[in-house]
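Good morning, everyone, and thank you for letting me take a few minutes of the meeting. Please have the picture in view while I talk, since I will be going from residue to residue.

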Amino acid sequence: LGPSRLMVEEIAVVLRLFRGELAEAIDSGRRALALRQRLGGQPYTGLDAALLLMVAYAARGDLAAVEPLFDQLILGVGQTSHPPADLPAYLFYVGRIRWLQGRLAAVREIDAEMCALMEKHAGLDYPENRICRAWMRSLLAFAEGRYGEAERTLRQPEVLEQNDRGSRINGCTRLMLARLYYHQKRQDEALAALGAALEYHERLGVPFAILVEGQSIVPLLRLAVAQGVHARYAVHLLDLLGADDEPRPVPIPGSAAALTAREVEVLELVAAGRSNRAIAEDLVISEWTVKSHLTKIYRKLDVASRTQAVVRAQQLGIA
């Protein structure tokens, strides 16, 4: 029992997650955090375990399991004059998960904290942290409908990534561009960007950067399968993410009801601030159908408004 043992457990989490072994990574992460607690939970100890356990949960769509880890991950931030060199990158991954949850106010707070850290500590201003800073700005621009700005912002880290192998492993700008193009219905550009990312990570043998995208990358991977773009690898990634061809209903805790896969999609878009018209365009359905889905969602969640539905779903960890 000691720091060396914790380091070994953290390395196990890294190796298993980078290989795409999500279940094994989750087990290792839990052991590492239990050991960290026994050692007193000192600031900045066990950061890798907390971060990667969050990534593994988010990859499988289990955002409810992520919640207890937020405080553990940022424990001690701002309490020392010598923060870890990669702390802004850790904060980015926290912000990304908040973005997946549709909690934009929290994303903005994390973005401001990243900025403050990099301005205060000159030693934190290096390529990978600058890339993470640009990624965060692009996520916010995307969520707020500023698509041109999001694309321009991503072009900066895309250039930096060409000369920084580490950042290519930890995250891939092409995946973010592919999602942006897909959202804008620029299918050919989306497939080109996605194909380049899949080719690189398949050759590297490290699916981590794709798993970090969580369930948000599933529609793109299904498109790749349908269009024959690195289809075998895309199927492998869908399997790692637990994305069956036919999405299953999501049970509502404490109720006999369940949300259908389509209702979950609608609810997630509502959480992202999309209007009924925008949701209809995204899902290629009519506004009347969107309203029908919302009526059923309200009834199942026992709520009366969009805001209440989003809050209730987040409390239950179902969307």
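What follows is a short walk through some of the salt bridges in this structure.

Please keep in mind that what we are looking at is a predicted model, and that it holds 17 salt bridges.

Let me begin with Glu9, which forms a salt bridge with Arg5, where the closest N and O atoms are 3.3 Å apart. Both of these residues lie in helix 1, which covers residues 3-18, and they are four residues apart, which is about one turn of the helix. As for their surroundings, Glu9 counts as buried because its relative accessibility is 11%, under the 20% cut-off, whereas Arg5, at 47%, counts as partly exposed.

Glu9 also forms a salt bridge with Arg31, and here the closest N and O atoms are 3.7 Å apart. Because Glu9 lies in helix 1 and Arg31 in helix 2, residues 22-38, this pair ties together parts that are 22 residues apart in sequence. Arg31 counts as partly exposed, with a relative accessibility of 41%.

Now please move along the chain to Lys300 and Glu263, whose side chains meet in a salt bridge at 2.8 Å, N to O. This pair links distant parts of the chain, since Lys300 is in helix 18, residues 287-301, and Glu263 is in helix 16, residues 261-271, with their positions 37 residues apart in the numbering. Glu263 has a relative accessibility of 3%, and therefore counts as buried.

Finally, which residues are linked with Arg108 in a network of salt bridges? They are Glu144, Arg146 and Glu149.

Key. Residues numbered from 1 in each chain as written. Predicted model: local features only at pLDDT ≥ 70, side-chain atom pairs only at ≥ 80, totals over all residues. Heavy atoms only, no water. Salt bridge = Lys/Arg side-chain N within 4 Å of Asp/Glu carboxyl O. Helix = DSSP H or I, 4+ residues; strand = E, 2+ residues; numbered from the N terminus. Buried < 20%, exposed > 50% of the residue type's maximum accessible area, 1.4 Å probe, protein only.
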